[in-house]
Structures are given as C-alpha cells and as structure tokens.
Amino acid sequence: MVGERQAKAGHEFVYRGPQPECGPCKVRGACLNQEVGHRYRIRRVRDVSHPCLLNGERARVVEVEPVAPDCSLSSRSAIEGAVLAYEKIVCANTACPNFPACHPIGIEPGTRIRVLEVGPELECPLGYSLVSAKVAYGA
C-alpha cells in the first residue's frame, strides 16, 4: 500500500521499512512486506483504500514489481549473469556525471544483484575502472 498521492502506475519508490506510526495499524502487513532499501515500481492501482496513520490520509492497495536501478560496477566483477553483493563506490564528487550510477538509490551495499547487461566503460576522475550495468535484485 502507498499514500494516495503516490498511487499511480509507473511511480517508483524505495521501501524504507516500518515507521513508529505503523505499530497500531490493522493492515500494516499489506504495507510492510517489501525488502528494506529496494526500489519498486507500481504496476497497478486497485480500488481498495484504508486510513493511514503515517501520512494522515488514505493508503491505496497497489501491485508492485522490484526494479533495481542501473548502476556502475567494477570492470572486473561486471560479468553478464553473475550474481554478486553490491559494493559501494567510495566517492563524494556529486558534480561527477557518474555520481547517480555510482550511488544508485535502491541498492544498498551488500545487496545481492544479478548483472543483466554490461554497458560501456565509464570515465572516472578518481581512476576507478568502472562500467555501467543493468542489474536486477536476486540471488
């Protein structure tokens, strides 16, 4: 379930886990059933809604699918079909054009990912040997 304002097919969000306000909710099991830190895309919005203690509005029942964002990977570990634990790139250069790929929202360090497609090499100002990659969550 998501708040009514976010309940649109195609909307993406990162599940951050239960909040203190969720404790007394009678339908919290429907909201709190994703993987913390993973990104999801809403596929379908259902007509069912419930009061939400967290946002003070209503929450709509939605169908979601996990959708890992594209990211950068070390060239040596970027092998199509490989399953690996995501390693964070240590860099604070927010002006770098690769920053979003090197700090993907929805993939935490240690998250198991499967490499679907290896993209082009990325030019890294710090000298890291990186490539872009399409990935999926999974073991």
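Of the 139 residues in this protein chain, 36% count as buried. Please keep in mind, everyone, that we are looking at a predicted model. Along its principal axes, the C-alpha trace spans about 50 × 30 × 25 Å.

Let me walk you through the fold. The chain has 2 helices and 8 strands, and if you read along the sequence you get β-β-α-β-β-β-β-α-β-β.

Now please turn to the sheet. Which strands build it, and in what order? It is an open sheet of 4 strands, running 5-8-7-6, with antiparallel pairing. At the edges sit strand 5, residues 71-74, and strand 6, and each of these pairs on one side only. From one strand to the next, the twist averages 60°.

Inside that sheet, have a look at strand 7, residues 112-122, and strand 8, residues 130-137. These two run antiparallel and are joined by 7 bridges. If you would like a landmark for the register, take Arg114, which stands opposite Ala136 in strand 8.

Next, a few words about the loops. I have picked one residue from each of three.

Let's start with Thr111, in the loop between helix 2 and strand 7. Is Thr111 buried or exposed? Its relative accessible area is 12%, and because the cut-off for buried is under 20%, Thr111 counts as buried. Its side chain also has a polar partner: one of its polar atoms lies 2.7 Å from the backbone oxygen of Glu108.

Then there is Glu80, in the loop between strand 5 and strand 6. Here the relative accessible area is 51%, so Glu80 falls in the exposed class, which begins over 50%. How far is Glu80 from Val135 in space? The two are 55 residues apart along the chain, and their C-alpha atoms are separated by 9.2 Å.

My last loop residue is Val90, and you will find Val90 between strand 6, residues 83-85, and helix 2, residues 99-102. Val90 has a relative accessibility of 62%, and therefore Val90 counts as exposed too. Val90 also takes part in something on the surface. Together with Leu126 and Tyr128, Val90 makes a nonpolar patch of about 320 Å².

So here are the spots I'd love you to look at on the screen: the 5-8-7-6 sheet, the contact between the Thr111 side chain and the backbone oxygen of Glu108, and the nonpolar surface patch with Val90, Leu126 and Tyr128. Thanks for listening, and I'm happy to take questions!

Definitions and conventions. Residues are numbered from 1 along each chain as its sequence is written. This is a predicted model: local features need pLDDT of at least 70, side-chain atom pairs count only at pLDDT 80 or more; totals for chains, interfaces and linings use all residues. Side-chain values use heavy atoms; hydrogens and water are left out. Patches are made of residues with over 30% relative accessible area and no salt bridge: like charges are joined within 9 Å, nonpolar side chains (Val, Leu, Ile, Met, Phe, Trp, Tyr) within 5 Å. Accessible areas come from the Shrake-Rupley method with a 1.4 Å probe; for residues, only the protein chains shown count as cover. A salt bridge is a side-chain nitrogen of Lys or Arg within 4 Å of a carboxyl oxygen of Asp or Glu. Buried means under 20% relative accessible area, exposed over 50%, partly exposed in between (1.4 Å probe, protein chains only). Two strands pair if DSSP finds at least two bridges between them. Axes are lines fitted to C-alpha atoms, for helices over the stretch in contact, and angles run from 0 to 180 degrees between N-to-C directions. A polar contact is a pair of N or O atoms within 3.5 Å; within protein, one must be able to donate a hydrogen and the other to accept it, and residues adjacent in sequence count only if both atoms are side-chain atoms.
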